[in-house]
Amino acid sequence: MHYYKAFGLNILSEIQLPELSDGDAKSDPDLYIKSAAFELPALGKTQLYRRGVRASFGKDADENLYLHWDNIASFKATNGNYLYVNALTNDGNLISLFTVSEAIGLILFQRGLFLLHASSVQVGNEGWCFMGTPGAGKSTTAAAFIKAGCKLLSDDLTAIAFHEDGSAYIVPAYPQLKIWDKTVAGLHYSESELHPVSEGVNKFSYEPKSDFSHEPVPLKEVFFLHRARNRKPLAALSAAEIPTETLKHFPLPSQLLTRDVLKRLFLQSFQCSKSAKLWKKKRPDGFENLEKWVSECIPEQLIAG
């Protein structure tokens, strides 16, 4: 058995998940990950692709949620505290990759967290979140902030929760940020401090395991990145844009977006807007301009080190 920590959960897992932080064997598990075969309900194709494989989704009469990836694995999420994994390949790294992405996202969804397809970092004492369409530069922007001294909170999947007073905070995920090789070169990361993601993929993995904090961080800034030249470099989201823009970045199968879920997500998006400033931001052209914007954003004490 393996003990891990991710997304605020103490995890007891039968499969290895090397991306995650080591957990405390003395803590009561919040999530059990088990290796098991199970029958799938009727499945429908989703909008989700990972490693070029399209996911299928289903739900049974007991509200269990299922994700299936051909020739990789099937996942069954139950009550927000059990994730069953039926591996269809012997590649343990691939199973781990698919487990800690959308599959664990189903568990977070069942627990009521507000989920975004986004990367996030800690700037001073604030949580900053970056969203955008594929290629907009979410991970690259996060990598630039980290290079300037900020801390990683999440990559690809950002989970937001709310205090009793309604204020929003980011729940740190796990210590891994995947960045393209051109970003490694452009931001002058040292390849010796990174790990290749896997053979045939031009990405590297930044893994700050020793100083990754799992303490929640208040959400203060949210940027919807774009590359459009005919739009303002920076513009605040209007009230009408807040729920629609956040909904565009829902990271799980669209089949989950029932009327009740949409109502919940709309309310949570407005709760976020009470805690944080939400912006449409044109990503600076080129790595030099990106680093210039980052240096202008972060607190002076952080720049001073």
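Which residues line the second largest cavity? In this predicted model, the lining of that cavity is made up of F114, L116, M131, I160, L219, V222, T246, C272 and L278. Strands β10 and β18 (217–226) are the elements that give two or more residues to this lining. By class, eight of the lining residues are nonpolar, one is polar and none is charged. The space inside the second largest cavity comes to about 40 Å³.

Rolling a probe the size of a water molecule over the atoms reveals where empty space remains. Across the whole structure, three cavities of 30 Å³ or more were found. The largest cavity has a volume of about 60 Å³. Its lining consists of F114, L115, L116, P243, T246, L247, F250, L265, F266 and S269. At least two of these residues come from each of β10 (114–123), α4 (241–247) and α5 (259–275). Eight residues of the lining of the largest cavity are nonpolar and two are polar, with no charged residue present. F114, L116 and T246 appear in the lining of both the largest and the second largest cavity.

The protein chain as a whole contains seven helices and 20 strands. Its radius of gyration is 19 Å, close to the 19 Å given by the globule rule for 305 residues, so the chain is as compact as a globular protein of that length. The C-alpha trace spans about 55 × 45 × 40 Å along its principal axes. Of the 305 residues, 51% count as buried. Among contacts with a separation of 6 or more, 62% join residues 24 or more positions apart. The chain exposes about 14,600 Å², and carbon and sulfur atoms supply 48% of this area.

Helix α2 (residues 138–147) is mostly covered, with eight of its ten residues buried. The buried residues of α2 are K138, T140, T141, A142, A143, A144, F145 and I146. Just after this helix, G149 adopts a positive phi of about 115°.

A further buried position is S21, located in strand β3 (residues 21–22). The relative accessible area of S21 is 9%, and S21 is therefore classed as buried, since the cut-off for that class is under 20%. When neighbours within four places in sequence are left aside, S21 is in contact with Y3, Y4, K5, P175, F212 and H214.

Note on methods
Residues are numbered from 1 along each chain as its sequence is written. This is a predicted model: local features need pLDDT of at least 70, side-chain atom pairs count only at pLDDT 80 or more; totals for chains, interfaces and linings use all residues. Side-chain values use heavy atoms; hydrogens and water are left out. Buried means under 20% relative accessible area, exposed over 50%, partly exposed in between (1.4 Å probe, protein chains only). Helices (H or I, at least four residues) and strands (E, at least two) are DSSP runs, numbered from the N terminus. On a 1 Å grid over the protein atoms alone, a cavity is a set of points where a 1.4 Å probe fits but cannot get out, and a pocket is an open set with protein on both sides within 12 Å along at least five of seven lines; lining residues have an atom within 4 Å of a point. Grid points are joined across faces, edges and corners, and a volume is the space filled by probe spheres set on the points. Ala, Val, Leu, Ile, Met, Phe, Trp, Tyr, Cys and Pro count as nonpolar, Asp, Glu, Lys and Arg as charged, and the others, Gly among them, as polar. Contact means heavy atoms within 4.5 Å. The radius of gyration is taken over C-alpha atoms; the globule rule is 2.2 Å times the number of residues to the power 0.38. Accessible areas come from the Shrake-Rupley method with a 1.4 Å probe; for residues, only the protein chains shown count as cover.
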